[in-house]
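These are my notebook entries from one session with a single chain. I looked up the overall fold, then a few individual residues.

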Amino acid sequence: MLQERDGLLALLAEGAKEGLTGVKNPGIDEQDWGIYEELRKQNKINAHLFALWRGGSTVESAKAAVKNVLAHPHPPARPDDDVLINGGIKLYIDGSAVAR
């Protein structure tokens, strides 16, 4: 978990040098969200971070992702904080941004 946290901080620092103002992670899990929340509370996220929960490949995993989304503020409600955004669920049946 420490390696992921440090990696995210390094990525955000390098991105800030280039003027990056937002990032998207399409496939987070509970550990990722925990890291994001910790860093947000410490005011260490310097870009808008839009996170999509990993939907997995089974009905059960998709249901678990729905529970994660619903457990935190998410669009379409306007969150008080637009730095860490709980964006929904990524299902690989809906296409891939990198394939375009």
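The entries below go from the whole chain to single sites.

**Entry 1: ground rules.** I note that this is a predicted model, in which local features need pLDDT of at least 70 and side-chain atom pairs count only at pLDDT 80 or more, while totals for chains, interfaces and linings use all residues. Residues are numbered from 1 along each chain as its sequence is written, and side-chain values use heavy atoms, with hydrogens and water left out.

**Entry 2: fold.** I looked up the secondary structure, taking helices (H or I, at least four residues) and strands (E, at least two) as DSSP runs numbered from the N terminus. The chain holds three helices and three strands, and their order along the sequence is α-β-α-β-α-β.

**Entry 3: dimensions.** I computed the radius of gyration over C-alpha atoms and compared it with the globule rule, 2.2 Å times the number of residues to the power 0.38. The chain has 14 Å, which agrees with the value near 13 Å for a compact globule of 100 residues. Along the principal axes, the C-alpha atoms fill a box of roughly 40 × 30 × 30 Å.

**Entry 4: surface and contacts.** Accessible areas come from the Shrake-Rupley method with a 1.4 Å probe, and for residues only the protein chains shown count as cover. I obtained an accessible surface of about 6,700 Å² for the chain, with 57% of it belonging to carbon and sulfur atoms. I call a residue buried under 20% relative accessible area, exposed over 50%, and partly exposed in between (1.4 Å probe, protein chains only). Buried residues are 29% of the 100 in the chain. I define contact as heavy atoms within 4.5 Å. Of the contacts between residues at least 6 apart in sequence, 72% join residues at least 24 apart.

**Entry 5: aromatic pair.** I let rings of Phe, Tyr and Trp (its six-membered ring) pair if their centres lie within 6.5 Å, with planes under 30 degrees apart stacked, over 60 edge-to-face and the rest tilted. The count comes to one aromatic pair. Trp33 and Trp53 form this tilted pair, at 5.7 Å centre to centre and 35 degrees between the planes. Trp33 belongs to helix H2 (residues 30-41) and Trp53 to strand S2 (residues 48-54), 20 residues apart. Trp33 counts as buried because its relative accessibility is 6%; Trp53 is likewise buried, at 2%.

**Entry 6: Ala47 and Val83.** I found Ala47 in the loop between H2 and S2, where it is buried at 7% relative accessible area. Apart from residues up to four places away in sequence, Ala47 touches Leu12, Leu20, Thr21, Gly22 and Val83. Val83 sits in the loop between H3 and S3 and counts as buried at 14%. With neighbours within four places left aside, Val83 is in contact with Arg40, Ile45, Ala47, His48 and Leu49. The C-alpha atoms of Val83 and Gly22 are 8.6 Å apart, with their positions 61 residues apart along the chain.

**Entry 7: backbone.** Most residues other than glycine have a negative phi, and most peptide bonds are trans. I noted that Asn43 has a positive phi, near 60 degrees. Asn43 lies in the loop between H2 and S2 and counts as exposed at 58% relative accessibility. A cis peptide bond joins Pro75 and Pro76, with omega about 15 degrees. Pro76 is in the loop between helix H3 (59-70) and strand S3 (84-90).
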